[in-house]
Amino acid sequence: MIPLKEATAEKHKQAERMPFNIRMFRGQLSKDEYRLYLVQQAEIFNAIEAKGTPHPSLNRHTLVQADIEELKEAGSTTDELLESTRTYVSHLNSLLGNDILPHVYLNYLAIMFGGQMMKKAVPSTGRMYDFDNMQEAMMAVRQVQRDDWADEVNKGFDYLITIFDELEKVTVSQ
Ligand code: HEM
């Protein structure tokens, strides 16, 4: 079977190249725009963490909330939950037992890899990208990871690509 990373590489490339993501990576997001992104991330993490993750250091709920609060204090007020996020979250909520794990792989390794570069570019402290004991937390994901998750991970990428698309549409029209 094709290794998971290889089987999902095309979608990774597509997600990485979404205009909103590119602006975030280049440090071009305003506080309002970044906060809107965090509000979507918080909802995704909450849905996953309600079902449990393989290591306590993975959990992002408190950290993302702190980043959102920091931006609120800085005067940023956007906290709209996008339609595309609602759609992904309802998919997450429908998953039973270990079926959530491909989305743990997708959303938490994203923060560990691309996220470490993102931390330097975003208009906040970026607590969401901080992990106590990152190696151990990553190993916990690597230990459960399976190559037959490719379809579900690619589906997750599609949901996230749609969210990036809506984020760009909403922020550019503001
Ligand atoms: C500017 C945006 C991004 C950059 C620069 C970036 C960069 C990277 C890098 C350098 C790696 C490590 C690749 C390697 O081991 O050779 C990685 C892995 C990964 N990224 Fe991204 N990424 C970005 C966006 C995303 C997004 C939006 C997602 C999905 C939410 C994502 C999910 C993942 C996953 C799941 C892995 C782990 C692959 C594996 O080793 O099994 N990335 N990323």
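The exercises below, each with a worked solution, concern the predicted model of one protein and its ligand.

Residues are numbered from 1 along each chain as its sequence is written. Because the model is predicted, local features need pLDDT of at least 70 and side-chain atom pairs count only at pLDDT 80 or more, while totals for chains, interfaces and linings use all residues.

**Exercise 1. Overall fold**

Task: State how many helices and strands the protein has, and determine whether its radius of gyration agrees with that of a compact globule.

Solution.
1. Helices (H or I, at least four residues) and strands (E, at least two) are DSSP runs, numbered from the N terminus. The protein has ten helices and zero strands, and the pattern along the sequence is α-α-α-α-α-α-α-α-α-α.
2. The radius of gyration is taken over C-alpha atoms, and the globule rule is 2.2 Å times the number of residues to the power 0.38. For 174 residues a compact globule would have a value near 16 Å; the protein has 15 Å, which agrees.
3. The C-alpha trace spans about 45 × 30 × 30 Å along the principal axes of the protein.
4. Two residues are in contact if their C-beta atoms, placed from the backbone, lie within 7 Å. Among contacts with a separation of 6 or more, 86% join residues 24 or more positions apart.

**Exercise 2. Burial and the core**

Task: Find what share of the residues is buried, and identify which helix gives the most to the largest nonpolar core.

Solution.
1. A residue is buried if 20 or more other C-beta atoms lie within 10 Å of its own, exposed if 12 or fewer, and partly exposed in between, with C-beta atoms placed from the backbone. By this rule, 30% of the 174 residues are buried.
2. A nonpolar core is a set of buried Ala, Val, Leu, Ile, Met, Phe, Trp, Tyr and Cys residues joined through C-beta atoms within 7 Å. The largest such core has 36 residues, and those with the most contacts inside it are Y34, Y37, I48, Y105, I163, F164 and L167.
3. At least two residues of this core come from each of α3, α4, α5 (61-73), α6, α7 and α10. Helix α4 gives the most, with nine residues.
4. Not counting residues up to four places away in sequence, Y37 touches M24 and L167.

**Exercise 3. Helix α10**

Task: Compare the expected span of α10 with the distance between its end C-alpha atoms, and list its buried residues.

Solution.
1. The expected span of a helix is 1.5 Å times one less than its number of residues. Helix α10 (residues 150-172) has 23 residues and should therefore span 33 Å; its end C-alpha atoms are 32 Å apart, which agrees.
2. The buried residues in α10 are E152, V153, G156, L160, I163, F164 and L167.
3. An α-helix has 3.6 residues a turn, so residues three or four places apart point the same way.
4. The cover over the buried residues of α10 includes α1, α2, α3, α4 (31-51), α6 (83-94) and α7.
5. D165 is also found in α10, but D165 is partly exposed, with 15 other C-beta atoms within 10 Å.

**Exercise 4. The shell around the ligand**

Task: Describe which residues come nearest to the ligand and which helices supply the shell.

Solution.
1. A residue is near a molecule if its C-beta atom, placed from the backbone, lies within 6 Å of it. There are 16 residues around the ligand, of which K5, L109, A110, F113 and G114 come nearest.
2. Two or more residues of the shell come from each of α1 (4-7), α2 (9-16), α3 (19-25), α7 (101-112) and α8 (114-118). Helix α7 gives the most, with five residues.
3. Ala, Val, Leu, Ile, Met, Phe, Trp, Tyr, Cys and Pro count as nonpolar, Asp, Glu, Lys and Arg as charged, and the others, Gly among them, as polar. The shell divides into ten nonpolar, four polar and two charged residues.

**Exercise 5. Individual residues**

Task: Locate N133 and A9, and establish whether N133 is buried or exposed.

Solution.
1. N133 lies in the loop between α8 and α9 (134-144). With 12 C-beta neighbours inside 10 Å, N133 counts as exposed.
2. Most residues other than glycine have a negative phi. The phi of N133 is near 60°, a positive value in a residue other than glycine.
3. A9 is in helix α2 and counts as exposed, with 12 C-beta neighbours inside 10 Å. The C-alpha atoms of A9 and N154 are separated by 9.1 Å, although the two residues are 145 residues apart along the chain.
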